[in-house]
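Welcome! Here are a few exercises to help you find your way around a new structure, each with a worked solution. Take a look at the picture first, then try each task before reading on.

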Amino acid sequence: HAAQFGVGYAPQGWDHLLNHLRRKGFREDELKLTGLFSEGQRGIYDRFRGRVIWPIRDITGQTIGFGARRLYDDRKGPKYLNTPDTPLFHKGAQLYVADPGLLHTGATPVLVEGPMDAIAVTLAGQGQYVGVAPLGTALTASQAAQLARLGEDPVVATDADLAGGHAAVADAERAVTEAQAAAKVAQAKYDSAKPQDRAAAKADLDKANSAVTEAQEASAAVGS
């Protein structure tokens, strides 16, 4: 099952991955952009050390970041660790999907608390369910919108009493309010636009109305 989910091991030590990629010819400025390294007074070093590690992939299956769990209790640092924000990856905007390929075969998304739960749900689901999870934070409005776009009506399997669940609902409702306000502004601009500006104003209005629909779908997904 490790191959299905891309699970691997980041060994203890400060420069295993760094030295490997340097031997492959990567420059330091390129390595810094990956989110795989931290930087100190002596330069960059491996961010993930002594951890089980898994890829964070978008719905097309492309790897855009990594998550990891600490294996050794004697090591300092957080129990769970993600790639920091990079040009490709933003934690608050991305859901972890245990096996994106299952979405294309009709599997039902199941929202759970974290990546390890998502893997467990996917293993138990036998191809009919795929676990998805936020990345170390309460579900954001962006993640809720992404969940709403995954296809089948999602199953929400998180603890309804968790503060994170309440925050997710509040974020989603706030996103709807903000989108509706923006749509009203776009409508007013369209109504008052000069003939030569109406096409551009109409495009802005259509985009704003689409954002309202997306936000409402996301809010329904979180609140269900």
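## Exercise 1: A helix and its charged neighbours

Glu28 and Lys32 lie about one helical turn apart, because four residues separate them in helix H3 (residues 28-33). Keep in mind that this is a predicted model.

**Task.** Find how the salt bridges of Arg22, Glu28, Lys32 and Glu39 are joined.

**Solution.**
- Step 1. Start with Glu28 and Lys32: they form a salt bridge whose closest N and O atoms are 4.0 Å apart.
- Step 2. Turn to Arg22, which also forms a salt bridge with Glu28, with 3.4 Å between the closest N and O atoms.
- Step 3. Put the pairs together: through shared partners, salt bridges link Arg22, Glu28, Lys32 and Glu39 into one network.
- Step 4. Check the surroundings. Lys32 has a relative accessible area of 41%, so Lys32 is partly exposed. Glu28, at 34%, is partly exposed, and Arg22, at 41%, is partly exposed too.

## Exercise 2: Another charged pair

**Task.** Which residue forms a salt bridge with Asp29, and are the two partners buried, partly exposed or exposed?

**Solution.**
- Step 1. The partner is Arg27, and the closest N and O atoms of the pair are 3.0 Å apart.
- Step 2. Asp29 has a relative accessible area of 42%; partly exposed covers values between 20% and 50%, so Asp29 is partly exposed.
- Step 3. Arg27 comes to 47%, and therefore counts as partly exposed.
- Step 4. For the full tally, the count of salt bridges is six.

## Exercise 3: Building a sheet

**Task.** What is the order of the strands in the open sheet of four strands, and which strands form its edges?

**Solution.**
- Step 1. The order is E1-E4-E5-E6, and the pairing is antiparallel.
- Step 2. Strand E1 (8-10) and strand E6 (80-82) are the edge strands, as each pairs on one side only.
- Step 3. From one strand to the next, the twist averages 35°.
- Step 4. Look at E1 and E4, which are joined by three bridges. In E4, Val52 is the bridge partner of Tyr9, and Ile53 is that of Gly8.
- Step 5. Now look at the other pairing of E4: seven bridges join E4 to strand E5 (residues 63-70). Here Ile53 stands opposite Ala68.
- Step 6. The hairpin of E4 and E5 has five residues between the strands, and there Gly61 takes a positive phi near 95°.

## Exercise 4: Into the core

**Task.** Which strand gives the most residues to the largest nonpolar core, and which core residues touch the most other members?

**Solution.**
- Step 1. Recall a common pattern: in soluble globular proteins, nonpolar side chains tend to be buried together.
- Step 2. The largest nonpolar core has 14 residues, and Ile56, Tyr96, Ala98 and Ala118 touch the most other members.
- Step 3. Strand E4 (51-57) and helix H5 (115-125) each supply at least two residues of this core. E4 gives the most, with three residues.
- Step 4. See how covered E4 is: seven of its seven residues are buried.
- Step 5. Follow Ile56 outwards. Beyond its neighbours within four places in sequence, the contacts of Ile56 include Ile64, Phe66, Phe89, Tyr96 and Leu135.
- Step 6. Finish with the whole protein chain: 39% of its 224 residues are buried.

Key. Residues are numbered from 1 along each chain as its sequence is written. This is a predicted model: local features need pLDDT of at least 70, side-chain atom pairs count only at pLDDT 80 or more; totals for chains, interfaces and linings use all residues. Side-chain values use heavy atoms; hydrogens and water are left out. A nonpolar core is a set of buried Ala, Val, Leu, Ile, Met, Phe, Trp, Tyr and Cys residues joined through side-chain atoms within 4.5 Å. Buried means under 20% relative accessible area, exposed over 50%, partly exposed in between (1.4 Å probe, protein chains only). Contact means heavy atoms within 4.5 Å. Two strands pair if DSSP finds at least two bridges between them. Axes are lines fitted to C-alpha atoms, for helices over the stretch in contact, and angles run from 0 to 180 degrees between N-to-C directions. A salt bridge is a side-chain nitrogen of Lys or Arg within 4 Å of a carboxyl oxygen of Asp or Glu.
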